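Please examine the assembly shown below. This briefing covers the surface near a DNA strand and the relation between two protein chains.

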2 protein chains.
Amino acid sequence: MNKAEIPRKTVYRLSVYYRVLLALKNIDTVSSEALATAAGVKSTQLRKDLAYFGQLGTRGLGYSVPALTARLSEVLGAARLQPVILVGAGHLGSALLRYGGFAKEGFEVVAAFDLDASRERARDLSIPVYSMENLPAFITEKKIKLAILTVPGAVAQEVCNNLIKSGVQAILNFAPVVLHTPEQIVVKNVDLAIELENLSYFIR
Amino acid sequence: MNKAEIPRKTVYRLSVYYRVLLALKNIDTVSSEALATAAGVKSTQLRKDLAYFGQLGTRGLGYSVPALTARLSEVLGAARLQPVILVGAGHLGSALLRYGGFAKEGFEVVAAFDLDASRERARDLSIPVYSMENLPAFITEKKIKLAILTVPGAVAQEVCNNLIKSGVQAILNFAPVVLHTPEQIVVKNVDLAIELENLSYFIR
DNA sequence: CTGTGTGAAGGCTTTCACAGCC
DNA sequence: GGCTGTGAAAGCCTTCACACAG
C-alpha cells in the first residue's frame, strides 16, 4: 500500500473512477464491467487498479458504490485538500480562476500572483491577486506546495525556479516551454498547441 | 514511414523537439545529447524517435538545425494547417479564444459556438461566435475535423455526439466527463481538476 | 574519436485466463 | 452461476550497448 508502488496512470484513473462513482450515488452496487465502461476502460484494468487497495469488491456481486466511493475519497482525499496558488493572471490564468472547476472538486485556489496585481482582468475576481514580490513570503508562510503556472513562456523557467526555491513541490504548467526542475519536483505540462497538433496528426 | 507505425508518444515528443528547435534557430548543428536535454528526455530516446523518419543526423557531428526543423515541420505540418472550432464560449472557452496560443502555433480557430451567441463574454472577441443551431451546417460546409469542447459536463456527451455526426474526427475535451465515441474518433481529455489531484497525490 | 542509428534487453502497463469466493 | 482478484502472458515503450559513419 506504499504510495510509491502505485503507478501514476493508475492514480490518474482512480480520479476518473471517483468522478464516475459520484454520478452513480443513487445506486447500491456496480460491477467492474459497468463501472469500467462508464469510465472508458476495460473491466480487467479497473479491477487491477482497485486491487492495489485491497479487497474492495464482493465476488459474484460487484462493488458497493458507497464503500468504493469512500475508499477512493480516502485515497485521493488528502490530495484534494491542498491549497493552490496560481501564478500569471493573464487571459488564461484569470479564466482558470473564474472557471470554478477546481473549487468544485475540492481544490482551493487561495491566491493569484501577477506582475501587475491591479491588472484589469483581475478586477472582478473573488480571489486576491498579489504582486509577484509577495510570492516567496506567501509560499513560505502558507506552506504552499502546489502551483498553477500560467505566465508567458519567456519567463516561465525563472518563475518556476522561484516557486521551487520557496518550497513549491508540484507545478501544473501551462507555459509552452519545457521546465527544468530537480527530480523530486512533480511537473505536469498542459500545452494546448501541442495537444491540438497531436490530435490533428492522428486524423487519417 | 506509415503514420500508423509511429507511437503516439513519439509524435507528442516530436512537437516538443520542434518547439525547442525553433528556439535554437541561430545555431547550425545540435547533438542529440544537447537537444534531448533541452527537451527534457534522454538522448537515446530522441535518436529513436527521429530514426522513424530516416537518417536525419550526421554521425560524429549531430543534427543540422535547419534540416531537422524542416523535416519536423513537414511531418507535423499538415497537422498545423487544420481549421478548428471551439464549442462552448463560457469562461474557459472565451479565455482560450483570447489566449492566442493556438494561432501562434499555426492553428486557426475559425469560429466559436455557444447556446447564447451574443453572450457578454464574447463581445470583444475577434472570432465570430455563432449559435449552436448553426453548428452542423458549419462543420459540414467547412469540412471541420477538429473541435475544442468547452461546454459544461452535463451537456458534453450530447454536443460531442452532434459534432461527430456532422463530421468532426478529433476532439480536445475540457469537459470533466468521459466521452463515449466511436473507435475512429480521437479524443484527448484535459481535466484540470484531475491533473491537480494527480499532481497533489505525488507530493510526498 | 565523436556522435548517430539500431538490435537486443529491460521495464512498465495492459490484457488474458482462470482460480476463488459469494 | 456470477463476478472479483491475480499470476502469467503479451504488448508497448524506454534504455542499453555497441556497430558504424564521418
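In this briefing, Ala, Val, Leu, Ile, Met, Phe, Trp, Tyr, Cys and Pro count as nonpolar, Asp, Glu, Lys and Arg as charged, and the others, Gly among them, as polar. By these classes, the surface near DNA strand C has ten polar, nine charged and five nonpolar residues; a residue is near a strand if one of its heavy atoms lies within 4 Å of it. The model is predicted: local features need pLDDT of at least 70, side-chain atom pairs count only at pLDDT 80 or more, and totals for chains, interfaces and linings use all residues. Residues are numbered from 1 along each chain as its sequence is written, chains are lettered from A in the order in which they are written, and side-chain values use heavy atoms, with hydrogens and water left out.

**Surface near DNA strand C**

- Of the 24 residues around DNA strand C, those that come nearest are Arg13(A), Ser32(B), Arg59(B), Gly60(B) and Tyr63(B).
- Sugar and phosphate make up 62% of the atoms of DNA strand C that come within 4 Å of the protein.

**Polar contacts (pairs of N or O atoms within 3.5 Å)**

- Polar backbone atoms lie close to phosphate oxygens of DNA strand C at Ser32(B), at 2.5 Å, and at Gly57(B), at 2.9 Å.
- Lys48(B) places a polar side-chain atom 2.9 Å from a base oxygen of DNA strand C.

**Relation of the two chains**

- A turn of 180° and a shift of 0.0 Å along the axis lay chain A on chain B with an RMSD of 0.0 Å, by least squares on the C-alpha atoms of residues with pLDDT of at least 70 in both.
- This is the relation of a two-fold axis.
- The C-alpha of Ala95(A) is the nearest to the axis in chain A, at 2.8 Å.

How values were computed. A polar contact is a pair of N or O atoms within 3.5 Å; within protein, one must be able to donate a hydrogen and the other to accept it, and residues adjacent in sequence count only if both atoms are side-chain atoms.
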